[in-house]
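Q: I am new to this structure and would like a close look at one part of it, chosen by you. Please start there and then show me, step by step, how that part relates to the rest.

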Amino acid sequence: MRNRRSRRWNALSLFCRWTSVGPERRTHDYVRHGTTDLFAALNVATGNVIGKCYAQHRAKDLRAFLREVEKQVPKELEVHVVIDNLSAHKAPTIKRWLVQNPRFHFHFTPTHASWLNLVERFFGLLTEHALRRGSHTSTHQLRGAIHEYLDAHNETPKPFKWTKTADEILESIARFATRTVVAHGVS
């Protein structure tokens, strides 16, 4: 929804997701020091990420995160949120919040289609660059590493770009489906 003349946006698309992050199990003497739930919203136009850690993933935590997003997004913009079908995202408290904040619009991804959500790529980079092979001895330290990565990412954000067209993706899915049918002898 870009006005070509002014190059200004009148809507903002955010890809939102939460993830429970913590150290990966590597050896038999693994000690779990805790996890945290990271809520993140990726601005597809700029690549900027709004992120916040919470102790759990409940509807009230999502509502608090949406309020944080609301503070950071200019009031004149519509906000389109691509989000998965978790029950917390459809809770009565969230539905009431959406009614009270009509500029926010939720778009739910189909089940098993998380790859449609661009913020998944950001979570991959976060894991690769900040968390994997890290040694975090407390939840506080883990959250610190996450926020440090968010700050570094947002200093020079870059939008993610699809490298394939929709037709190329659909053709690939059709080839996979054909191979699966042949391999399993399903008619």
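A: **A close look at helix α3**

Just after helix α3 comes Arg-133, a residue whose phi angle is positive, near 65°. The model in which this residue and its helix appear is a predicted one, and every value in this account was computed from it.

The helix itself is best approached through its buried residues, which are Val-119, Phe-122, Phe-123, Leu-125, Leu-126 and Leu-131. Because these residues cover an arc of only 160° around the axis, they sit on the same side of α3. A general feature of helices helps in reading such a pattern: an α-helix has 3.6 residues a turn, so residues three or four places apart point the same way.

Two of the buried residues deserve separate attention. Val-119, which is found in helix α3, has a relative accessible area of 0% and therefore counts as buried. The C-alpha atom of Val-119 is separated by 5.8 Å from that of Leu-42, although the two residues are 77 residues apart along the chain. Phe-122 likewise has a relative accessibility of 0%, so that residue, too, counts as buried.

Phe-122 also leads to another helix through its ring, and here the aromatic pairs come in, of which the structure holds six. In one of them, the ring centres of Phe-122 and Tyr-149 are 5.8 Å apart and the planes meet at 40°, so the pair is described as tilted. Since Phe-122 lies in helix α3 (residues 119-131) and Tyr-149 in helix α4 (residues 139-155), this pair ties together parts that are 27 residues apart in sequence. Tyr-149 has a relative accessible area of 14%, and because buried means under 20%, that residue is buried as well.

Helix α4 can be followed in the same careful way. With 17 residues at 1.5 Å a residue, α4 should span 24 Å, and the 24 Å between its end C-alpha atoms agrees with that expectation. Its buried residues are Leu-142, Ala-145, Ile-146, Tyr-149, Leu-150 and His-153. These cover an arc of only 135° around the axis, which puts them on the same side of α4. On the other side of that helix, His-140, Glu-148, Asp-151 and Glu-155 are exposed.

To see where these helices stand in the whole, it helps to step back. The protein's secondary structure comes to five helices and seven strands, and along the sequence these follow the pattern β-β-β-β-β-α-β-α-β-α-α-α. Of the 187 residues in the protein, 34% are buried.

Some of the buried residues are grouped into nonpolar cores. The largest of these has 20 residues, among which Phe-65, Val-69, Phe-104 and Phe-106 touch the most other members. At least two residues of this core come from each of β4 (36-43), β5 (49-54), α1, β6 (78-83), α2 (92-100) and β7 (104-108), and the largest share, five residues, is supplied by α1. A second, separate core has 16 residues, including Leu-38, Cys-53, Leu-131 and Ile-146. Two of those names have appeared before, since Leu-131 is one of the buried residues of α3 and Ile-146 is one of the buried residues of α4.

Helix α1, which came up with the largest core, offers a useful parallel to α3. Its 14 residues (59-72) should span 20 Å at 1.5 Å a residue, and its end C-alpha atoms are indeed 20 Å apart, which agrees. Buried in α1 are Ala-59, Asp-61, Leu-62, Phe-65, Leu-66 and Val-69. Seen down the axis, these buried residues fall within an arc of 155°, so they line one face of α1.

Asp-61 is notable among them for its partner. At 8% relative accessibility Asp-61 counts as buried, and it takes part in the one salt bridge that the structure holds. The partner is Arg-58, with the closest N and O atoms 3.1 Å apart. Arg-58, at 35% relative accessibility, counts as partly exposed.

Phe-65 of α1 belongs in addition to an aromatic cluster that it forms with Phe-39 and Tyr-54. Elsewhere in the protein, Lys-90 lies over the face of Phe-108, at 4.9 Å from the ring centre.

Definitions and conventions: Residues are numbered from 1 along each chain as its sequence is written. This is a predicted model: local features need pLDDT of at least 70, side-chain atom pairs count only at pLDDT 80 or more; totals for chains, interfaces and linings use all residues. Side-chain values use heavy atoms; hydrogens and water are left out. Helices (H or I, at least four residues) and strands (E, at least two) are DSSP runs, numbered from the N terminus. The expected span of a helix is 1.5 Å times one less than its number of residues. Buried means under 20% relative accessible area, exposed over 50%, partly exposed in between (1.4 Å probe, protein chains only). The arc is that of the directions from the helix axis to the C-beta atoms. A salt bridge is a side-chain nitrogen of Lys or Arg within 4 Å of a carboxyl oxygen of Asp or Glu. Rings of Phe, Tyr and Trp (its six-membered ring) pair if their centres lie within 6.5 Å; planes under 30 degrees apart count as stacked, over 60 as edge-to-face and the rest as tilted. A charge sits over a ring if NZ of Lys or CZ of Arg is within 6 Å of the ring centre and within 35 degrees of the ring normal. A nonpolar core is a set of buried Ala, Val, Leu, Ile, Met, Phe, Trp, Tyr and Cys residues joined through side-chain atoms within 4.5 Å.
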